[in-house]
Amino acid sequence: PRQAAKTLWYDRPRYVYLEFCVEDSRDVKVVIEDERLVFSCKNADGVEFYNEIHLYARVNSKDSREKRSDRSITCFMRKWKEKVAWPRITKKNIKPAWLSVDFDNWRDWEGDEEVERAMVEQYAEV
């Protein structure tokens, strides 16, 4: 049986970030398209996770990537329209039970571009 992974998201001037909270993930597949993201993996117990998100707005799939850690898989997607806030991550105004705003990483944008650039460079190094 498949289930949705708990997912956190936050918005920045240039990128939108999604974190799929699956510990000890394997067989990770992330497909980032311009208007949709599909995520799937298994955990150590063999439970299958699957999330499909039709995105609020278009992203540049060629300038988007993901990074896996022991506790989660983080995706960052480059917005087509930079500096335009996303009020939600989903196209439809429906909030799935598995999706939450990452308030630990949510902050006011003012003067945030340097911080964001450093975060993206950090992800790109791995």
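**Figure 1. Four strands of the predicted model form an open sheet.** The strand order is β1-β6-β5-β4, and the pairing is mixed. Strands β1 and β4 are the edges; each pairs on one side only. Strand β1 covers residues 2–3 and pairs with β6 in the parallel sense, over two bridges. Gln3 has Phe49 of β6 as its bridge partner. Strands β5 (residues 36–42) and β6 run antiparallel and are joined by seven bridges. Lys42 stands opposite Glu48 of β6. Strands β4 and β5 are also antiparallel, with five bridges between them. Here Ile32 is paired with Leu37 of β5 as its bridge partner. Such pairing, parallel or antiparallel, goes through backbone hydrogen bonds.

**Figure 2. The hairpin of β5 and β6 has five residues between its strands.** Gly46 takes a positive phi in this hairpin, near 85°. Beyond the turn, strand β6 covers residues 48–54.

**Figure 3. Side chains alternate along strand β6.** Phe49, Asn51 and Ile53 point to one face and are buried. Glu48, Tyr50, Glu52 and His54 point to the other face and are not buried. Alternation between the two faces of the sheet is what a regular strand shows. On the face that is not buried, which residue has its charged end over the ring of Tyr50? The residue is Arg2, and its charged end sits 4.0 Å from the ring centre.

**Figure 4. Tyr10, Tyr15, Tyr17 and Phe76 are linked by ring pairs into a cluster.** The count of aromatic pairs in the model is seven. One of them joins Tyr10 and Tyr17: the ring centres are 4.7 Å apart and the planes lie at 5°, so this pair is stacked. Tyr10 has a relative accessible area of 6% and is buried. Tyr17 is buried too, at 0% relative accessibility. Tyr17 also pairs with Phe76. This second pair is stacked, at 6.0 Å centre to centre and 25° between the planes. How many residues separate Tyr17 and Phe76 along the chain? They are 59 residues apart: Tyr17 lies in strand β3 (residues 15–21) and Phe76 in strand β8 (residues 73–79). The pair thus links distant parts of the chain. Phe76 is buried because its relative accessible area is 1%, under the 20% limit.

**Figure 5. The largest nonpolar core holds 21 residues.** Leu18, Phe20, Leu37, Phe39, Met77 and Ile89 touch the most other members. Strands β3, β4 (26–32), β5, β6 and β8 each give two or more residues to this core. Nonpolar side chains tend to be buried together in soluble globular proteins. Leu18 shows how the contacts spread along the sequence. Neighbours within four places aside, Leu18 is in contact with Thr7, Leu8 and Trp9, among others. Its further contacts include Leu37 and Ile53. Ile73, Thr74, Cys75, Met77 and Ile89 are also among the contacts of Leu18.

**Figure 6. Asp102 lies in the loop between β9 (99–101) and α1 (113–125).** Is this loop residue buried or exposed? Asp102 counts as buried, because its relative accessibility is 5%. Asp102 touches Leu8, Trp9, Tyr10 and Glu19, with residues up to four places away in sequence not counted. Asp102 and Tyr10 are 92 residues apart in sequence. In space, their C-alpha atoms are 5.6 Å apart. Tyr10, a contact of Asp102, also belongs to the aromatic cluster of Figure 4.

**Figure 7. The protein chain has nine strands and one helix.** From the N terminus on, the elements run β-β-β-β-β-β-β-β-β-α. The chain has 126 residues, and 38% of them count as buried. About 7,600 Å² is exposed, with 46% of that area supplied by carbon and sulfur atoms. Contacts between residues at least 6 apart in sequence include 61% that join residues at least 24 apart. The Tyr17 and Phe76 pair, 59 residues apart, links distant parts of the chain.

Methods
Residues numbered from 1 in each chain as written. Predicted model: local features only at pLDDT ≥ 70, side-chain atom pairs only at ≥ 80, totals over all residues. Heavy atoms only, no water. Phe/Tyr/Trp six-rings, centres within 6.5 Å; stacked < 30°, edge-to-face > 60°. Buried < 20%, exposed > 50% of the residue type's maximum accessible area, 1.4 Å probe, protein only. Lys NZ or Arg CZ within 6 Å of the ring centre and 35° of its normal. Pairing = 2+ DSSP bridges. Core = buried A, V, L, I, M, F, W, Y, C linked by side-chain atoms within 4.5 Å. Contact = heavy atoms within 4.5 Å. Areas by Shrake-Rupley, 256 points an atom, 1.4 Å probe, with all protein chains shown as cover.
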